[in-house]
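Reader: Could you walk me through this model, taking the questions as they come up?
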Amino acid sequence: MSAPPACRCCGGTAVTLRGRKQGAFLPREFEFHVCGDCGFMSVEPFSGFAIYDDAYYRGAGPDPYVDYETEYRDWRRTDRGLEFEDLFSLAESHLSPSPSLPLRLLDFGCGAGGFLKFLRERGTLGGRPLELTGHDIGSYAEMLKTRDGFRILDLDALALEPAASFDVISLIEVIEHLPSPLEPMRLVARLLKPGGLLLLTTGNLDSPVARREGLGYRYCAPEIHVSLFNPRALSRLYARVGLVPHAVRYHGAVKFKVLKTLRHRPALRALARLALSFPPVVRFIDARYGVSAMPCAIKPQGPNLQTPKNPQ
Ligand SMILES: [Zn+2]
């Protein structure tokens with residue numbers, strides 16, 4: 001094996017081999033490289049995007065909790081609404097109401113379109129009419145465009161959008177799938193309006209559970225989760241593209257993370273739902289998995305913008 005490359009998050013060169021792990025889905029060994037500066041971990045080799053086929057979307061691939069079929073048909077039949085409500089409230093509390101202006105929102109990695117449909121049903125955010133755009137590739141993106149009438153752009157089309165096009169951009173459990181997160185983040189930072197909000201969720205590899213379980217942590221699924229973050233690494237990545245970390249407090253997103261793993265265990269899921277109706281239980285799980293410790297980001301207002309001049 002050749003020497004590990006520079007850190008794809010902070011650009012540092014103190015990258016070392018953290019360990020190896022056998023794939024649970026693909027019968028081969030993967031290497032995890034960790035950055036001594038920011039703690040970002042990357043996986044080699046990258047299994048490619050072809051792994052995201054129809055079987056994957058049914059939950060028959062490396063991630064058994066994916067259920068795009070149900071989500072596409074009716075997101076209410078999944079637990080994702082809990083997460084959507086959370087993200088909606090975050091955006092609502094951040095944005096200043098200016099009722100006459102439409103609010104432009106991009107869901108980057110929109111998957112089966114659950115969040116887009118949730119937002120379309122809401123119609124407005126903070127009193128402002130929503131204008132929705134999605135980005136993804138594959139059969140669901142095509143259906144969202146042709147059957148559901150959403151504006152769905154591929155990466156090339158997105159790169160042609162004018163700078164400062166969106167008030168809110170969401171990346172919900174997307175960045176861990178991208179082998180080189182810097183370029184997409186540069187694009188996202190360019191597309192955000194000054195003062196705009198980036199809603200980003202991804203696993204926290206610095207959480208107590210992740211630290212205890214090491215590479216055995218379920219989130220370390222090397223076929224699909226190839227960029228693994230912690231709060232420090234994520235903040236470094238934001239800074240590199242001119243964004244400022246924005247602290248958040250999740251509730252519904254925490255509940256969703258628990259409930260989705262119980263998709264095939266209805267009795268346990270009902271019990272968990274009951275337990276999660278108690279806020280201290282949610283706070284305990286949040287602390288164990290470090291969900292709210294992962295910041296979102298804001299694009300700063302004013303002349304001191306550090307937005308990259310060459311987004312490509
Ligand atoms: Zn780094």
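**Cysteines, fold and loops**

Author: To begin with the cysteines, the structure holds zero disulfides, a disulfide being a pair of cysteine sulfur atoms within 2.5 Å. This is a predicted model, in which local features need pLDDT of at least 70 and side-chain atom pairs count only at pLDDT 80 or more, while totals for chains, interfaces and linings use all residues. Residues are numbered from 1 along each chain as its sequence is written, and side-chain values use heavy atoms, with hydrogens and water left out.

Reader: Why is cysteine 110 not bonded to cysteine 296?

Author: The closest cysteine sulfur to that of cysteine 110 is the one in cysteine 296, and at 18 Å it is too far for a bond. Cysteine 110 is also buried, with a relative accessible area of 4%, where buried means under 20% relative accessible area, exposed means over 50%, and partly exposed lies in between (1.4 Å probe, protein chains only).

Reader: And what about cysteine 220, how far away is the nearest cysteine sulfur?

Author: For cysteine 220 the nearest cysteine sulfur belongs to cysteine 38 and is 15 Å away, and cysteine 220 is in no disulfide. Cysteine 220 counts as buried too, at 1% relative accessibility.

Reader: Let's step back to the whole fold. How many helices and strands are there?

Author: The protein has twelve helices and twelve strands, which are DSSP runs numbered from the N terminus (helices are H or I, at least four residues; strands are E, at least two). Its radius of gyration is 19 Å, close to the 20 Å that the globule rule gives for 312 residues, so the protein is as compact as a globular protein of that length. That radius is taken over C-alpha atoms, and the rule is 2.2 Å times the number of residues to the power 0.38. Along the principal axes, the C-alpha atoms fill a box of roughly 55 × 50 × 40 Å.

Reader: What share is buried, and what share of the contacts is long-range in sequence?

Author: Of the 312 residues, 53% count as buried. Among contacts with a separation of 6 or more, 75% are between residues 24 or more positions apart, contact meaning heavy atoms within 4.5 Å.

Reader: Any unusual backbone? Which residues does the cis peptide bond join?

Author: The cis peptide bond joins glutamate 44 and proline 45, with omega about -10°, and proline 45 lies in the loop between strand 3 (41-44) and helix 1 (54-57). Turning to phi, alanine 164 has a positive value near 55° although it is a residue other than glycine; alanine 164 lies in the loop between helix 6 (155-159) and strand 8 (166-172) and, at 30% relative accessibility, counts as partly exposed.

Reader: And glutamate 173, buried or exposed?

Author: Glutamate 173 is buried, with a relative accessible area of 17%. Glutamate 173 is not a glycine, yet has a positive phi of about 50°, and its place is in the loop between strand 8 and helix 7 (182-191).

Reader: What does glutamate 176 touch?

Author: Glutamate 176 is found in the loop between strand 8 and helix 7 and counts as buried at 1% relative accessibility. Leaving aside neighbours within four places in sequence, glutamate 176 is in contact with Thr201, Thr202, Tyr219, Ile224, His225, Val226 and Ser227. With serine 227, which is 51 residues apart from glutamate 176 along the chain, the C-alpha separation is 4.5 Å.

Reader: Different spot now. Where is aspartate 79?

Author: Aspartate 79 lies in the loop between helix 2 (68-73) and helix 3 (80-94), and is buried with a relative accessible area of 9%. Not counting residues up to four places away in sequence, aspartate 79 touches Phe256, Leu259, Lys260, Arg269 and Arg273.

Reader: How far apart are serine 93 and arginine 269 in space?

Author: They are 30 Å apart, C-alpha to C-alpha, and 176 residues apart in sequence. Serine 93 has its place in helix 3 and is exposed, with a relative accessible area of 62%.

Reader: Last one, which residues of helix 4 are buried?

Author: In helix 4 (residues 114-122) the buried residues are Gly114, Phe115, Leu116, Lys117, Phe118 and Leu119. Helix 4 is followed by glycine 123, which has a positive phi near 80°.
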